[in-house]
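Visitor: Please pick one part of this model and take me through it closely. Then set that part against the rest of the chain.

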Amino acid sequence: MISDPIRYQTDVERMLNDEPHTVAELEATFDTILERTAEDYGHAVRSVHAKSHGLLEGELTVDRDLPAELAQGLFAVPGTHRVLIRLSTNAGDILRDVIGLPRGLAMKVFDVAGDRLPGSEGDAQDFVMINGPVFQAKTADAFLGNLKMLAKTTDRLEGTKKVVSAALRGVRHAFEAVGAEAPAAVNALGGAPNVEPLGETYYSATAFRFGDYIAKFSLVPIAPAMTRMTGEEVAIDGRENAIREAVRTEMQAIDAEWEFRVQLCRDLDAQPVEDATVEWDEAVSPFIRVGTVRAAAQDSWSDAHVRLINEETRFSVWTGIAAHQPLGNINRVRRDTYRHSADFRARTNGCPYHEPGAAG
């Protein structure tokens, strides 16, 4: 029997004493990545998820007649919203696709009504997701440790990274051969399969306020042309941007469609807010559809999309309405660090971002 969802209260979060110090160290570490890549490329890129594989315009349609526990925040009113979507890989440098890394999907939803999160300009709601149900670090301090390791190798020793990636893929295959799942670190460090981005399911991994409740989010491909790609790997064949080329070819021929789903928190002990490494059991709380995202066939790497989505747009879990406030220590430290990274990129490139609906 599925229990009632937990109602949101401010005390579901537990602030850690060293969070301000961790934020300062994260920003300094991001600076190492940002400055090194900007110097090497002559152009600032994102400090994480630097490489894009596909850039799309589409729409999110919120379902009608949702039950009260799902008709929350953005999803309280049925209707259609324009969206921008960016498919990416998680490294802070732009690596050749032979190095296997997890995928990301960021989506900006336009014309969203509601009280804004502190410092969130405009009227958009951002969702930032990865192709796995959990985050790789339990705490912000552990996330900092991972980032420092990434900073030491950013844009250096690519030949070594290829060798390490191949070895880690071998480790992953060994786990799979005995019916086990490889540790998340294997994928994060280069052992991830080079899967088709359009066939992947993406997850928020961390918890968010969902109006009166608490939830995680997912985006699940449902178009038959996409589900046929699920689990398939892109043939790299020595091509530096093989994944981008594959997505571009695919998106010129198909109409992409995903379900946007919500997983409500029903047990704070089994489904913790402060530990994003814990997967919320779908038997306890299944993901339920609240809307559909569609992107008609288009050029996913057009000059216009590169300029609009890759260069002029920032994505942050803290861009949005108070009804979808990010929760937990990982999300709390993302607020200032994401802004710090975006500000560096805008300042270095002389290309300021402008949130939809923002004054000025």
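**A packed position and its surroundings**

Guide: Start with L26, which counts as buried because its relative accessibility is 0%. Buried means under 20% relative accessible area, exposed over 50%, and partly exposed in between, with a 1.4 Å probe and protein chains only. The model is predicted, so local features need a pLDDT of at least 70, side-chain atom pairs count only at 80 or more, and totals for chains, interfaces and linings use all residues. Numbering runs from 1 along each chain as its sequence is written, and side-chain values use heavy atoms, without hydrogens or water.

L26 sits in helix 1, which spans residues 19-41. Helices are DSSP runs of H or I with at least four residues; strands are runs of E with at least two; both are numbered from the N terminus. Now look across to R334. The two residues are 308 apart along the chain, yet their C-alpha atoms are separated by 9.2 Å.

V333 belongs to helix 8, residues 329-349. V333 is buried too, at 1% relative accessibility. Leaving out residues up to four places away in sequence, V333 touches V23, L26 and A140. A contact means heavy atoms within 4.5 Å. So L26 is one of the partners of V333, given that cut-off. E27 offers a second distance to check: its C-alpha lies 9.8 Å from that of V333, across 306 residues of chain.

Move to the segment before helix 1, where R14 is found. Here the burial is different: R14 counts as exposed, at 54% relative accessibility. R14 still has distant partners. Apart from residues up to four places away in sequence, R14 touches E19, E274 and R332. Its C-alpha is 7.8 Å from that of N329, with their positions 315 residues apart along the chain.

Another long-range link involves Q72. Q72 lies in the loop between strand 1 and strand 2. At 9% relative accessibility, Q72 counts as buried. Its C-alpha is 7.2 Å from that of D212, 140 residues away in sequence. Beyond four places in sequence, Q72 touches F210, G211, D212, Y213 and H324.

That loop also holds D65, between strand 1 (51-62) and strand 2 (79-89). D65 has a phi near 60°, a positive value in a residue other than glycine. D65 is exposed, with a relative accessible area of 78%. D237 makes a useful second case. Its phi is near 50°, again positive in a residue other than glycine. D237 is in the loop between helix 5 (224-227) and helix 6 (242-251). At 65% relative accessibility, D237 counts as exposed.

Next, empty space. A search of the whole structure finds three cavities of 30 Å³ or more. A cavity is a set of points, on a 1 Å grid over the protein atoms alone, where a 1.4 Å probe fits but cannot get out. Points are joined across faces, edges and corners, and the volume is the space filled by probe spheres set on them. The second largest cavity holds about 70 Å³. Its lining includes P133, Y203, F217, W280 and F287. K216, E279 and E282 are also among the lining residues, each with an atom within 4 Å of a point. By class, the lining has six nonpolar, two polar and three charged residues. Ala, Val, Leu, Ile, Met, Phe, Trp, Tyr, Cys and Pro count as nonpolar, Asp, Glu, Lys and Arg as charged, and the others, Gly among them, as polar.

Now step back. The protein has eight helices and nine strands. Of its 360 residues, 54% count as buried. Among contacts between residues at least 6 apart in sequence, 78% join residues at least 24 apart. The protein exposes about 15300 Å², and carbon and sulfur atoms supply 51% of that area. Areas come from the Shrake-Rupley method with a 1.4 Å probe; for residues, only the protein chains shown count as cover.

Last, confidence. The average pLDDT is 85, and 85% of the residues score at least 70. Over residues 156-191, however, the pLDDT is below 50; that stretch has 59 contacts in the model beyond near neighbours in sequence. The pLDDT is the predictor's confidence in each residue, from 0 to 100.

Technical notes. 1 Å grid on protein atoms, 1.4 Å probe; cavity = no way out; pocket = protein on both sides within 12 Å on 5 of 7 lines; lining within 4 Å.
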